[in-house]
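Colleague: Could you walk me through one spot in this model in some detail, and then show me what's around it and how it sits in the whole thing?

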Amino acid sequence: MIEKALDSYNAGEEKEPVATEVVLPMLGITVEKGKIVEWVKKEGDPVEKGEIIFIVEVEKATTEVESPASGILAKILVPEGVEVPVLTVVGIITEPGEKFSEDAVPQAQSPSSVDSVTMVTSQENASMAADGIDIIKAVPAARRMAREHDIHLRDISGTGPEGLIFARDVETMIARKARPSEVRASTLARRLAEKERVPLDEVTGSGVRDRIMRQDVQAFLKEPETTEMPLGTVIPMSTVRRVIARRMSESAFTAPHIYFFTDACLDPLLDFRSVVLPDLEKRFDIRVSINDFVIKAVALNIMDFPILNAQVNGDEIHIMPEVNVGLAVAMPEGLIVPAIRNADRSGLINIARQRIDLVQRARQGKLTLEEMERGTFTVSSLAQYDITHFTAILNPPQSGILSIGKTDEKLVMEKGQVTVKRVAQIGLSVDHRIIDGAMAADFLQNLKWKLERPSSTFLTV
Amino acid sequence: MREITYAQALNEALKECMKEDERVVLLGEDIGRYGGIFQVSAGLLDEFGPKRVMDTPISEAAFVGGCIGAALTGMRPVVEIMFIDFTTVCMDMIINQMAKMHYMFGGRGRVPMVLRVNIGAGRGAAAQHSQSFHALFMHIPGLLVVTPSTPYDAKGLMIEAVKNDNPVIFVEHKKLYAEKGPVPEESYRIPFGKADVKREGRDLTIVATHAMVLRALAIAEEASKKGIDVEIIDPRTLTPLDRQTIFSSVKKTGRLLVADEGHKTCGVAAEISAMVAEEMIYFLKAPILRVCSPDTPVPFSPPLEQAYIPDEKDLLPAILHLMEYA
């Protein structure tokens, strides 16, 4: 490399090389680091755009990463087996025949490649050392306490020097988890939030131990609702968008989808909910939504049709051991799907609690990879839009997704009489590789039955 | 309870053992007529006669070796080496003979012998009479290493050492000989391997040896004025070492400071720190700190010697530093 650099230095008249940075992609909204387990291409190899260039491992899952450009893999900056933060430049591709100079090597963590989405999603963590070594600094006792309480160290802001996490910081977090409703905010922040009607629990705090400061509320107010996209502009895909794009095409082009629709009369469920709601609100201080009922009904229905909880793995069909129902959450940056754990075994209150917590943290960009990847079936609802029905792409590697349209009053013939009913159209997409039409129809029909008979469906919950 | 000095407590322990068992004999330089450089054997020559209290020539290898032979053949000698510094001239006797006999003869030979030494700077005795390298003996399997910090512990541990059938390195501390404390008149034994909690506290554990115990106790009062509750553990014997008491304390406080007057490198404090790091790391809220002597010879110059000695001036900053780890 030194030789080449000297060459380049000596050949002063040569044009500046246009190097393309190869970065470790964002592999999930909260994934902060990854490890290259294999460089498929070696230094000096020619690469084509779209060819697999390396394989990265994130929390035991490996993903092939495609080359962002055609040319020569001139330099590997991060060798195999080293864990680095996402968006770290791991290699350089130069155009064929071009001289490569070390000067072209960007700083280890190029800020230019960090787009607005990642600014939102990657948590500020002082312990992400600038030298590129990603170790969250914490005293051993803090590590133990965090592990015992199932808390991720990355969710804790350390109060020690350089963000070092003290045992006390974990204790504070444990105490806070016990009282999730309490939002820590400065007086000025509260005043501003009240004035501008900003829900404080949706603001991410930047103060000590995530305390919400006035500038956080101001930043929240400035957050644009929609990104401006004047006609004729070219927008580079954000990393989140790239991940969604890759996953959706992968799903659409590997899993043959078949779609099923049915009408469900929601009168009994809506009535049932309005009967139990005041009591549940009073007793648990939780507002159970129609979605919570749907999630529970889906989970119970999966217990009757476990194949809908399956995933294709090579030549095997894996019926997943847990029923974790994902709920699609629309975000400005793109769709994310956190999953409610053990929905089959959880009561409605627990489901509602999980949902509220997951949605809130989704908006704050604070979900864990595990929460987004544990789903075994997804529910996607556009009930608040004027949409009667829609088809949904499976959330890989899942095999079933439910799509829910709006609820409308409809004239229905019943026993020779015309009556008015509130009806929603529910759709089901399944992976035809492992689920046949009859099975899917049976599943959907039974789900409809469950939703229409809430008192028997939710009898035991 | 009456109070006597550390030197008097040792003297009393030896006297009791000699009265009880005629196999107990004392050997050393200037221990008879003069009573020992720190007066630990004062009066014993008069009481027990020259056959049991023998002044030796300046020939440590000879009289230590002689005592090993005596111990192997049924005596229970207590030998005084005037300063720990002089053990270097009889190291073969200590390490290769005294420590090994019992092992090499499959347990058929015993060396029930006590080798008394003393450590500690602060008496203007310079680099060859002030050392604290007791950690050397902790490194050698086969030797018991005893480190009393109070007159009470000195008497109980000495009686235990004399009655013990294994070779004991009994490490006294120069600056403690004149320290007074309550000591029962009757005979009592303190078992080896049983640490003593010299002060109970919640926030921070100091494992201290010898004079460092007293210095730690003094600074703990200072610290308590700042709201810091210090626990002080005195292991009392380094071999065997009471790991459990140290571990329980660290588990409670999450912070460990080890204070020993030996050199920092490869010292007693290094060993205890490593042990806690190996087994208790997940209870640590802060790094482990050591307050020890610097890795230099002991200076003769009094101001330099004062700077050299690890004491309150070193303990307090270490305590405050550990408490920064909330």
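**A proline loop and its surroundings**

Modeller: Sure, let's start at A:Pro397, which sits in the loop of chain A that runs between strand 14 (377-381) and strand 15 (400-414). Keep in mind that this is a predicted model. What catches the eye in that loop is the peptide bond between A:Pro396 and A:Pro397: it is cis, with omega at about 5°. Chain B has a cis bond too, from B:Thr239 to B:Pro240, with omega near -5°. B:Pro240 is also in a loop, this one between strand 12 (237-239) and helix 9 (243-253) of chain B.

Back in chain A, have a look at the packing. A:Leu402 is one of the residues with the most contacts inside the largest nonpolar core, along with A:Val298, A:Leu308 and A:Leu428; that core has 52 residues. In general, nonpolar side chains tend to be buried together in soluble globular proteins. Take A:Leu428: beyond its neighbours within four places in sequence, it is in contact with A:Phe377, A:Ile401, A:Leu402 and A:Ser403, among others. The list also includes A:Ile258, A:Tyr259 and A:Phe260, plus A:Ala440, A:Phe443 and A:Leu444.

Those last three bring us to helix 12 (residues 437-452), where A:Ala440, A:Phe443 and A:Leu444 are buried. A:Leu447, A:Lys450, A:Leu451 and A:Glu452 are buried in helix 12 as well, so a lysine and a glutamate are on the buried list too. Helix 12 has 16 residues and spans 22 Å from first C-alpha to last, close to the 22 Å expected.

Zooming out, chain A has 13 helices and 16 strands, and 46% of its 461 residues are buried. Of its contacts with a separation of 6 or more, 61% link residues 24 or more positions apart.

For a backbone oddity of another kind, try A:Glu162: it isn't a glycine, yet its phi is positive, about 55°. A:Glu162 is in the loop between helix 3 (140-148) and helix 4 (167-178) of chain A, and at 58% relative accessibility it counts as exposed because the cut-off is over 50%.

Finally, the partner chain. The contact takes 10 residues from chain A and nine from chain B, and about 830 Å² is buried between them, 70% of it from carbon and sulfur atoms. On the chain A side, A:Pro140, A:Arg144 and A:Phe166 lose the most area, together 50% of what that side buries.

Methods:
Residues numbered from 1 in each chain as written. Chains lettered and ligands numbered in written order. Predicted model: local features only at pLDDT ≥ 70, side-chain atom pairs only at ≥ 80, totals over all residues. Heavy atoms only, no water. Helix = DSSP H or I, 4+ residues; strand = E, 2+ residues; numbered from the N terminus. Expected span 1.5 Å × (residues − 1). Buried < 20%, exposed > 50% of the residue type's maximum accessible area, 1.4 Å probe, protein only. Core = buried A, V, L, I, M, F, W, Y, C linked by side-chain atoms within 4.5 Å. Contact = heavy atoms within 4.5 Å. Buried area = accessible area lost by both parts, 1.4 Å probe.
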